[in-house]
Amino acid sequence: MTRVYLIRHAEAEGNLYRVAQGQYNSILTQRGQQQVQALEARFQDVPVDAVYASDLYRASATACAVSRPKGLPLHRRQDLREICIGEWEEKTWGEIERTEPEQLVNFTHHLERWQVAGAESPYAVRERMLHALREIVAENPDRTVAIVSHGCALRILLGTLQGFSMEEIGKTPHGDNTGVSLVEAEGDQFRVVFRDDNTHLAGGLSIFGKKTANRRANALEPGLYFQPMEGAALSEWMASCVGADWASCGTAQPYDPALLKREAGQRPTLAAIAGETPVGLIQLHPDKEAEEGCGWISLYCMDRPFRGQGLGIQLLGQAVRYYRPLGRERLRLRLGRGNQAAARFFSAYGFAPAGEDGSGRLILEKSIGFAPL
């Protein structure tokens with residue numbers, strides 16, 4: 001008998017920023033790295049003979065929690081990838097909810113009905129995951145194996161092994177990040193011993209637990225969508241939103257709404273929108289210090305009524321999506337020394353002090369590059 005641990009990857013950027021990440025490559029978040037540590041502790045005394053993972057970074061990085069401490073090679077396989085979601089790749093879930101609400105419901109609850117241009121069908125995912133599992137079991141008779149893959153792909157595979165149709169799989173639960181399932185294989189027969197166990201996650205590490213101190217939204221909740229800051233109405237809202245808190249930002253520079261609007265026409269500036277309501281904005285400064293591999297955020301603001309709801313972090317995702325294709329591996333921004341609320345917010349998401357500018361403002365920096373596995 002071969003024992004197979006099926007593990008979902010740790011929290012990755014798409015989970016945090018509410019961006020659809022089928023086969024889009026992304027790195028692990030701070031909480032994801034903590035989940036990896038918890039997963040490593042869980043498997044410390046569990047004998048494992050071989051470790052396999054999807055070749056996407058978030059799965060391979062998670063699999064190192066099992067392979068590295070045990071001195072095992074990591075076998076990366078493309079057929080263990082997440083479902084390809086076609087035109088949805090890299091869109092925000094808020095944008096998908098706005099433009100294709102019916103298909104979003106299907107993706108969550110009715111996989112047999114889900115159809116998106118350029119996407120892989122759930123039935124194709126079922127066949128490739130089953131084929132991969134059978135090959136891995138055949139390579140490891142009477143051994144214990146760990147396989148790290150992805151949420152939707154594992155949901156389809158586990159539901160199939162439990163005898164569910166695709167229609168019934170849509171009613172099964174979503175697994176937690178680093179959730180562990182155990183399958184026993186004997187010949188052509190598979191038995192799911194348990195699935196989606198997350199008892200190794202504590203202290204706010206589960207995506208299904210209580211919201212953390214910065215009130216991060218549940219990873220299954222829809223998010224915001226973004227559009228360029230255009231039009232008089234958005235321009236006036238931007239001036240009002242930023243102006244309301246300018247004095248508390250700890251900067252000596254006087255508030256100048258005309259300069260604000262002018263820079264919005266010169267730099268990439270996006271409004272974050274919930275439903276039909278603008279709730280925040282982010283402005284980027286791609287020409288600043290590009291030679292240092294940095295991507296600068298020149299403005300980051302949430303409208304006061306919408307703070308503390310776990311929405312602000314989604315703006316950061318837009319900066320990552322913009323700068324990473326340009327080869328930037330670090331994000332930077334400036335903060336006035338007195339802006340303690342913003343300092344707490346950004347430090348909670350991996351920003352650390354990186355000096356100060358000529359006016360005494362603190363420079364914060366965050367890595368967005370892919371670290372070696």
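1. Start with one strand pair. Strands E11 (residues 330-335) and E13 (residues 362-367) run antiparallel and are joined by six bridges. Within that pair, arginine 330 sits opposite serine 367 of E13. Note that this is a predicted model, and read every point below in that light.

2. The pair belongs to a wider sheet. Seven strands make up this open sheet, in the order E7-E8-E9-E10-E11-E13-E12, and the pairing is mixed. Its edges are strand E7 (225-228) and strand E12 (352-356), each of which pairs on one side only. On average, neighbouring strands here are turned by 35° against each other, direction ignored.

3. Two helices go with these strands. Helix H9 (residues 232-243) lies across E7, strand E8 (269-274), strand E9 (277-285) and strand E10 (294-302). Helix H9 runs at about 80° to E9. Helix H12 (residues 340-348) packs on the sheet and touches E10, E11 and E13. The direction of H12 makes about 165° with that of E11.

4. There is also a six-stranded sheet. This open sheet has the order E3-E2-E4-E1-E5-E6, again with mixed pairing. Strand E3 (74-77) and E6 are at the edges; each has a single partner strand, so one side of each is left without a neighbour in the sheet. The twist averages 20° from one strand to the next.

5. Both pairing senses can be seen in that sheet. Strand E1 (residues 2-8) and strand E4 (residues 144-149) pair in the parallel sense, over six bridges. There, isoleucine 7 stands opposite valine 148 in E4. Helix H3 (residues 57-70) packs on the sheet and touches E1, strand E2 (50-54), E3 and E4. The direction of H3 makes about 170° with that of E2. By contrast, strand E5 (residues 180-186) and strand E6 (residues 189-197) run antiparallel, joined by six bridges. Glutamate 186 faces glutamine 189 in E6. The hairpin of E5 and E6 has two residues between the strands, and glycine 187 takes a positive phi near 65° there.

6. Now the cores. In soluble globular proteins, nonpolar side chains tend to be buried together. The largest nonpolar core in this model has 38 residues. Trp88, Phe107 and Ile147 have the most contacts inside that core. A second, separate core has 29 residues, including Tyr17, Phe226, Val279 and Leu335. Back in the largest core, consider phenylalanine 107. Not counting residues up to four places away in sequence, phenylalanine 107 touches Ile83, Ile85, Trp88, Trp93, Trp114, Cys152 and Arg155.

7. Check the cysteines before assuming a bond. A disulfide is a covalent bond between the sulfur atoms of two cysteines. The count for this model comes to zero disulfides. The sulfur of cysteine 301 has its closest cysteine sulfur in cysteine 241, at 3.4 Å. That is too far for a bond, because the cut-off is 2.5 Å. Cysteine 301 has 10% relative accessibility and so counts as buried. Cysteine 294 is at 0% relative accessibility and also counts as buried.

8. Glutamine 314 merits a look. Glutamine 314 lies in helix H11 (residues 313-323). Its relative accessibility is 2%, so glutamine 314 counts as buried. Leaving aside neighbours within four places in sequence, glutamine 314 is in contact with Tyr17, Arg18, Gly223, Leu224 and Phe226. Of these contacts, Tyr17 and Phe226 are among the members of the second core.

9. Leucine 373 is another residue to inspect. Leucine 373 is in the segment after E13. With 40% relative accessibility, leucine 373 counts as partly exposed. The C-alpha atoms of leucine 373 and threonine 62 are separated by 9.4 Å, although the two residues are 311 residues apart along the chain. Leaving aside neighbours within four places in sequence, leucine 373 is in contact with Tyr57, Ser60, Ala61, Cys64, Arg68 and Arg76.

10. Last, confidence. The chain has a mean pLDDT of 91, and 95% of its residues reach 70 or more. Over residues 210-220 the pLDDT is below 50. Beyond near neighbours in sequence, that stretch has 28 contacts in the model. Where pLDDT is low, the predicted coordinates should not be read in detail.

Note on methods: Residues are numbered from 1 along each chain as its sequence is written. Side-chain values use heavy atoms; hydrogens and water are left out. A nonpolar core is a set of buried Ala, Val, Leu, Ile, Met, Phe, Trp, Tyr and Cys residues joined through side-chain atoms within 4.5 Å. Buried means under 20% relative accessible area, exposed over 50%, partly exposed in between (1.4 Å probe, protein chains only). Contact means heavy atoms within 4.5 Å. Two strands pair if DSSP finds at least two bridges between them. Helices (H or I, at least four residues) and strands (E, at least two) are DSSP runs, numbered from the N terminus. Axes are lines fitted to C-alpha atoms, for helices over the stretch in contact, and angles run from 0 to 180 degrees between N-to-C directions. pLDDT is the predictor's confidence in each residue, from 0 to 100.
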